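Subject: Structure handover

Hello,

Here is the structure for your files. My notes on it follow below.

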Amino acid sequence: MDGSSGTTGRDGRGTPKPLKNDATADGLWQFCLQHYSQQEVKHACLKLQDQFKGNVNVALLLAWLEDAGFSLTNTSLAALRQSITQSETLLGRYRLMRRDLKPQLSRGAYQKMLNYELTLEKFQQQVLLACINQQPWRENGPSALEMY
């Protein structure tokens, strides 16, 4: 949703909440920006990604759904993982290349690479949203984020 319906996060800061089976790219992106800006969330996400080979976009999507009172089944979680197989491979390779090239790049060139990586992240979120909107959502079910 675009946020115009007046639904907000628990803290009332205006982050659009997903409507059941109608999650939108803008709503997810805004939630991710707010959530990831918290230092402890950023640290946990990077640890999930780098040490446990988890997907930050999946984790943030599940946190967003949970914040709105929704959960997913194990089958839906498996569908999410499957939906991003190709984009995860592309993102992983790009991320490694960016990190390898960092010492050789100017600050501006490195920032351009980071910005492109964000574009890839947004694309992956769109793939996840297309998948999630095809899955059954549970209301007040067990934490899909914890299951992940």
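The buried residues of helix 3 are Val56, Asn57, Val58, Ala59, Leu60, Leu61, Leu62, Ala63, Trp64, Leu65 and Asp67. That is eleven of the twelve residues in the helix, so helix 3 counts as mostly covered. Please keep in mind that this is a predicted model.

The buried residues of helix 3 pack against helix 1, helix 2, strand 1, helix 4, helix 6 and helix 7. As for its length, twelve residues at 1.5 Å a residue should span 16 Å, and the end C-alpha atoms of helix 3 are indeed 16 Å apart. At the N-terminal end, Asn55 acts as the cap, with a side-chain oxygen 2.8 Å from the backbone nitrogen of Asn57. After helix 3 comes Gly69, which has a positive phi, near 90 degrees.

Next, the core. In soluble globular proteins, nonpolar side chains tend to be buried together. The largest nonpolar core here has 26 residues, and Leu61, Leu72, Leu80 and Ile132 have the most contacts inside it. At least two residues of this core come from each of helix 1 (25-36), helix 2 (39-52), helix 3 (56-67), helix 4 (74-83) and helix 6. Helix 3 gives the most, with eight residues.

Leu72 deserves its own entry. Leaving aside residues up to four places away in sequence, Leu72 touches Leu62, Leu65, Leu77, Leu80, Ile132, Pro136, Trp137, Arg138, Ala144 and Met147.

Helix 4 has two sides. Ser76, Leu77 and Leu80 are buried. These three cover an arc of only 105 degrees around the axis, which puts them on the same side of helix 4. Asn74, Thr75 and Gln82, on the other side, are exposed. The buried residues of helix 4 pack against helix 3, helix 6 and helix 7 (144-147).

Last, the aromatic rings. The structure holds two aromatic pairs. In one of them, Phe70 and Trp137, the ring centres are 5.0 Å apart and the planes stand at 70 degrees; the pair is therefore edge-to-face, the cut-off for that being over 60 degrees. Phe70 belongs to strand 1 (residues 70-71), while Trp137 sits in the loop between helix 6 (107-132) and strand 2 (138-139), so the pair ties together parts 67 residues apart in sequence. Both rings belong to buried residues: the relative accessible area is 13% for Phe70 and 5% for Trp137.

Regards

Technical notes
Residues are numbered from 1 along each chain as its sequence is written. This is a predicted model: local features need pLDDT of at least 70, side-chain atom pairs count only at pLDDT 80 or more; totals for chains, interfaces and linings use all residues. Side-chain values use heavy atoms; hydrogens and water are left out. Rings of Phe, Tyr and Trp (its six-membered ring) pair if their centres lie within 6.5 Å; planes under 30 degrees apart count as stacked, over 60 as edge-to-face and the rest as tilted. Helices (H or I, at least four residues) and strands (E, at least two) are DSSP runs, numbered from the N terminus. Buried means under 20% relative accessible area, exposed over 50%, partly exposed in between (1.4 Å probe, protein chains only). A nonpolar core is a set of buried Ala, Val, Leu, Ile, Met, Phe, Trp, Tyr and Cys residues joined through side-chain atoms within 4.5 Å. Contact means heavy atoms within 4.5 Å. The arc is that of the directions from the helix axis to the C-beta atoms. The expected span of a helix is 1.5 Å times one less than its number of residues. A polar contact is a pair of N or O atoms within 3.5 Å; within protein, one must be able to donate a hydrogen and the other to accept it, and residues adjacent in sequence count only if both atoms are side-chain atoms.
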